[in-house]
Amino acid sequence: MDDDIKDISSAFYAMISRMKYINRWALMRNSYPENLSEHSLEVGIIAHALAVISNRKLGNNLNAERAAVIGMYHDCTEIITGDMPTPIKYYNKETKDAYKNVERQAAEELLSLLPDYMREEYESVLFMHDDEEYIWKLVKAADRISAYIKCIEEEKTGNKEFGSAKAAVYEKLTQMDLPEVRIFFQEFMEGYKKTLDELR
């Protein structure tokens, strides 16, 4: 039986589980490390929240659960590419375009690890479709909110290393001009600045 299992085994989920070995913020002095698995879960949670806000407060009809799943997988290509520091990734247009191409190749490689009957389902999670552009925009916002939260958490430990990163991330969020982000900041962001006792 073990031989039969080996014959049809897929490496997709074993690869995905390796997100926990990819550390983020490699160029920064961290008070505590953050791995890709932790970050991806947080992005999924926040993307879900933004979609719920969009539906309940702004009258939209988004699939919040889908936003959560896309958020969970949004950086999974970094299992193959590693976490490229933002200043390098966006150094110029040529670098940005080259990295996008590498990301696409990594996504295609991950997709190829799935059995045929599952690929269509995951293709729409790893690659954006035009009819879900707004959900992907919310996921990108969730990614940046997660980074902003990391900066807050580092500042709470007395680490000043993340001050400029916090300002840069906030500026990018402001430029996105999303009402869902403004509502999230107004209603939830202060909680991240509090201690556990204060939260309770």
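## A tour from Trp 25 outward

Select Trp 25: this residue sits in the loop between α2 and α3. The model is a predicted one. Check the backbone here. Trp 25 has a positive phi of about 60°, although it is not a glycine. Now show the surface. Is Trp 25 buried or exposed? Its relative accessible area is 15%, under the 20% cut-off, so Trp 25 counts as buried.

**Next stop: Asp 177.** Jump to the loop between α10 (163-176) and α11, where Asp 177 is found. Asp 177 also has a positive phi, about 55°, and is not a glycine. Its setting is another matter. Relative accessibility is 52% for Asp 177, over the 50% cut-off, so this residue counts as exposed.

**Back to Phe 12.** Select Phe 12 in helix α2, which covers residues 12-16. Phe 12 has 0% relative accessibility and therefore counts as buried. Which residues is Phe 12 in contact with, leaving aside its neighbours within four places in sequence? Show Tyr 73, Leu 110, Leu 113, Leu 114 and Tyr 122. Then draw a distance from the C-alpha of Phe 12 to that of Asp 83. The two atoms are separated by 19 Å, with these positions 71 residues apart along the chain.

**Now helix α3.** Select residues 36-58. This helix has 23 residues. From first C-alpha to last it reaches 31 Å, close to the 33 Å expected at 1.5 Å a residue. Colour its buried residues. They include Leu 36, His 39, Ser 40, Val 43, Gly 44 and Ile 46. Further along come Ala 47, Leu 50, Ala 51, Ile 53 and Ser 54. What covers them? Add α4 (64-73), α5 (78-81), α9 (133-156) and α11 (179-188), which are among the cover.

**Zoom out.** Switch to cartoon for the whole chain. There are twelve helices and zero strands. The radius of gyration is 18 Å, close to the 16 Å that the globule rule gives for 200 residues, so the chain is as compact as a globular protein of that length. Along its principal axes, the C-alpha trace spans about 55 × 40 × 40 Å. Of the 200 residues, 40% count as buried. Turn on contacts between residues at least 6 apart in sequence: 68% of them join residues at least 24 apart.

**Last view: the surface.** The chain exposes about 12,100 Å². Carbon and sulfur atoms supply 52% of that area. Colour by charge to finish. There are 26 positive and 36 negative side chains, and the centres of the two sets lie 7 Å apart.

Key: Residues numbered from 1 in each chain as written. Predicted model: local features only at pLDDT ≥ 70, side-chain atom pairs only at ≥ 80, totals over all residues. Heavy atoms only, no water. Helix = DSSP H or I, 4+ residues; strand = E, 2+ residues; numbered from the N terminus. Rg over C-alpha atoms; globule rule 2.2 N^0.38 Å. Buried < 20%, exposed > 50% of the residue type's maximum accessible area, 1.4 Å probe, protein only. Contact = heavy atoms within 4.5 Å. Areas by Shrake-Rupley, 256 points an atom, 1.4 Å probe, with all protein chains shown as cover. Lys, Arg positive; Asp, Glu negative; His and termini not counted. Charge placed at Lys NZ, Arg CZ, Asp CG, Glu CD. Expected span 1.5 Å × (residues − 1).
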